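The following exercises concern annotation, backbone geometry and helix packing. Each task is followed by a solution in steps.

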Amino acid sequence: MSSFEWILLGLLLFEFLLRCALEIHDARAFQRKPDSFALARILPIVNDIFPPESNFSKWNENDGAFVKAHEKAHAELHHEMMRKFFWASSLVCIALLLGAIGIPFHLNLLGLLFLFHLIFNFAKILFHFICFAQEYEADSVAAKRLQKGVSKRAIANLMASEFPRTRLFAYVYRTHPTARMRDAALNRSKTH
Ligand SMILES: [Zn+2]
């Protein structure tokens, strides 16, 4: 095995250890055992195939007004287009990086797969930061358009239905911030 392939393996091991630490951090924060998806989350490559968790929250059916206003804000602010643009440009960057690193280091298919996995997962976390900013923005626009208390109640109901996670877990695995994070963001923007 070439020295670069050893570095890739080292990075995969490092990823595995970081994900284990995150599981422990999350389990301790809420004093519970890791859930049944934990094993699929911590194993590199396997975590690209399986979803990180089951559906983690559900809107209350009485909060339709907030959900509708939130989705309308997403549409008006062209959030979906920005997400697609992010992935289109990321995939071009990933392809260029694979070529720029894979060719000079003579990586075989497995090496390229490992490299793809590492860059792809880094991009995924960046993507989550963008998604979170968009969710906060859509929440804030929706809250401003609705009667006082409507958004607060909707987010409170979401919080009650949600499987609780730490902020760190959400940034690594979720496209949506936790309801608690959304509540805090709305309080900060004073639109609740
Ligand atoms: Zn949204």
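**Exercise 1.** Which residues does UniProt list for "domain: Peptidase M48"? Describe the secondary structure of that span.

Solution. The model under study is predicted.
Step 1. The unreviewed UniProt entry assigns "domain: Peptidase M48" to residues 60–187.
Step 2. Residues 60–187 are 80% helix and 0% strand.
Step 3. The C-alpha atoms at the two ends of this span are 20 Å apart.

**Exercise 2.** Identify the spans that carry the UniProt annotation "transmembrane region", and give the helix content of residues 6–22 and of residues 85–103.

Solution.
Step 1. According to the unreviewed entry, the annotation covers residues 6–22, 85–103 and 109–127.
Step 2. Residues 6–22 are 100% helix and 0% strand, and their end C-alpha atoms lie 24 Å apart.
Step 3. For residues 85–103 the content is 95% helix and 0% strand, with 27 Å between the end C-alpha atoms.

**Exercise 3.** Determine where Q31 is located and whether Q31 is buried or exposed; then do likewise for H106.

Solution.
Step 1. Most residues other than glycine have a negative phi.
Step 2. Q31, which is not a glycine, has a positive phi of about 50°. H106 is likewise not a glycine and has a positive phi of about 50°.
Step 3. Q31 belongs to the loop between helix 1 (3–29) and helix 2 (38–42), whereas H106 occupies the loop between helix 5 (79–102) and helix 6.
Step 4. A residue is exposed if 12 or fewer other C-beta atoms lie within 10 Å of its own. Q31 has 6 C-beta neighbours inside 10 Å and therefore counts as exposed. H106 has 10 other C-beta atoms within 10 Å, so H106 is exposed.

**Exercise 4.** Characterise the packing of helix 6 and helix 9: what are the angle and the distance between their axes, and which residues make the contact?

Solution.
Step 1. Helix 6 spans residues 109–145 and helix 9 spans residues 179–188. The two helices pack at an angle of about 55°, and their axes are 10 Å apart.
Step 2. Angles from 65 to 115 degrees count as roughly perpendicular, and those under 35 degrees as roughly parallel. Helix 6 and helix 9 are therefore oblique to each other.
Step 3. Their crossing is right-handed.
Step 4. Helix 6 contributes E135, Y136, D139, S140 and A143 to the contact, while helix 9 contributes R182, A185 and L186.
Step 5. By class, the residues of this contact comprise 4 nonpolar, 1 polar and 3 charged.

Definitions and conventions. Residues are numbered from 1 along each chain as its sequence is written. This is a predicted model: local features need pLDDT of at least 70, side-chain atom pairs count only at pLDDT 80 or more; totals for chains, interfaces and linings use all residues. Axes are lines fitted to C-alpha atoms, for helices over the stretch in contact, and angles run from 0 to 180 degrees between N-to-C directions. Helices (H or I, at least four residues) and strands (E, at least two) are DSSP runs, numbered from the N terminus. Angles under 35 degrees count as roughly parallel, over 145 as roughly antiparallel, 65 to 115 as roughly perpendicular and the rest as oblique. A crossing is left-handed if the near helix is turned anticlockwise from the far one by less than a right angle, and right-handed if clockwise. Two residues are in contact if their C-beta atoms, placed from the backbone, lie within 7 Å. Ala, Val, Leu, Ile, Met, Phe, Trp, Tyr, Cys and Pro count as nonpolar, Asp, Glu, Lys and Arg as charged, and the others, Gly among them, as polar. UniProt positions are given in the numbering used here, feature names are shortened, and annotations may be inferred rather than shown by experiment. A residue is buried if 20 or more other C-beta atoms lie within 10 Å of its own, exposed if 12 or fewer, and partly exposed in between; C-beta atoms are placed from the backbone.
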